[in-house]
Amino acid sequence: MTIRKWKYTDIAALAVFEEAQEFPDRWNFNMLAESFLNDGFFGVLAEENGVLSGMGAILFHPEGADLLDILVAKDRRRQGVADALMQTLLRECGRRELKKLFLEVRAGNAPAIALYKKYGFEKVGSRRAYYADGEDADVMCLKG
Ligand SMILES: CC(C)(COP(=O)(O)OP(=O)(O)OC[C@H]1O[C@@H](n2cnc3c(N)ncnc32)[C@H](O)[C@@H]1OP(=O)(O)O)[C@@H](O)C(=O)NCCC(=O)NCCS
C-alpha cells in the first residue's frame, strides 16, 4: 500500500471513488476541487497497484485544523487502511506543531468513532441535527 498526497489530477478519480463507497456524506467533484485549492488543504490517498483504497484530508487554518474526511473502500475495510491514512495525517499535524485537531462525526458512526478514539480524539461537544437526514454530530478534538 502506498500513501501519498493528492494531486489536482487525482480529483476525478477521487470523485468516482467517493461515489462508489455510497457513504451518505460523500464529496462530489466540485467539493473535492474547491477544498483542494484552499491554501491550508492537505489530502492523502492510499493506493495499491494504482487502485484507490482510501482517502483522507485535513484543512489547516490560523485557529487550528479540521479533519474533513476519511474514507476507505468498502471491500478494503478492517485491513489497516484508515490506520495508515491517519498516521500520515497526524504526522503532518506534528510537523506543523498543531495544537488542536477537530472533527465532526455522525453520532451513530461506531467504526469512525472507534478509529478516532484509538488516535486519542475525545468528544468535546455535539451538534444537533447537523446532517441533512437529522442525525446529530459528535464534535471530537485531538490535542497535540
Ligand atoms: C471508519 C473507516 C474509515 C475505518 O477504516 P478502516 O480502514 O476499515 O479502519 P482500519 O482497518 O484501519 O482500523 C483502524 C481502527 O479503526 C477502528 N475501526 C475500524 N472499523 C471498525 C469497526 N467496524 N468497528 C469498530 N472499530 C472499527 C478500530 O479502532 C481500528 O483499530 P484496530 O484494528 O486496532 O481495532 C471506514 O469504516 C469507512 O470508510 N467508513 C465510511 C466512511 C466514514 O464513516 N468516515 C468517517 C467520516 S467522519
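**A walk from the core to two odd loops**

Start in the middle of this predicted model: its largest nonpolar core has 30 residues, and Leu14, Leu45, Met55 and Leu85 have the most contacts inside it. Now colour by element. Two or more core residues come from each of H1, strand S2 (41–48), strand S3 (51–61), strand S4 (64–72), helix H3 (81–95) and strand S5 (100–106).

Next, select Leu45 and show what surrounds it. Leaving out residues up to four places away in sequence, Leu45 touches Arg4, Trp6, Asp10, Leu14, Leu52, Gly54 and Met55. Two of those, Leu14 and Met55, were on the list of best-connected core residues too.

From Leu14, move to the helix pair. Select 11–21 for H1 and 29–36 for H2: their axes sit 9 Å apart, at an angle of about 135°. H1 is therefore oblique to H2. Turn the view and you'll find that the crossing is right-handed. To see what makes the contact, show Ile11, Ala12, Leu14 and Ala15 on H1, then Phe29, Leu32, Ala33 and Phe36 on H2. That contact has 8 nonpolar residues, with no polar and no charged ones.

Now for the loops. Which residue between H1 and H2 should you click on? Go for Glu22, in that loop: its phi is positive, about 55°, although it isn't a glycine. Glu22 is exposed, with 8 other C-beta atoms within 10 Å.

Last stop: the loop between H3 and S5, where you'll find Glu97. Here again is a non-glycine with a positive phi of about 55°. Glu97 counts as exposed, having 7 C-beta neighbours inside 10 Å.

Notes
Residues numbered from 1 in each chain as written. Predicted model: local features only at pLDDT ≥ 70, side-chain atom pairs only at ≥ 80, totals over all residues. Axes fitted to C-alpha atoms, helices over the stretch in contact; angles between N-to-C directions. Helix = DSSP H or I, 4+ residues; strand = E, 2+ residues; numbered from the N terminus. Parallel < 35°, antiparallel > 145°, perpendicular 65-115°, else oblique. Left-handed = near helix turned anticlockwise from the far one by under 90°. Contact = placed C-beta atoms within 7 Å. Nonpolar A, V, L, I, M, F, W, Y, C, P; charged D, E, K, R; others polar. Core = buried A, V, L, I, M, F, W, Y, C linked by C-beta atoms within 7 Å. Buried ≥ 20, exposed ≤ 12 C-beta atoms within 10 Å, placed from the backbone.
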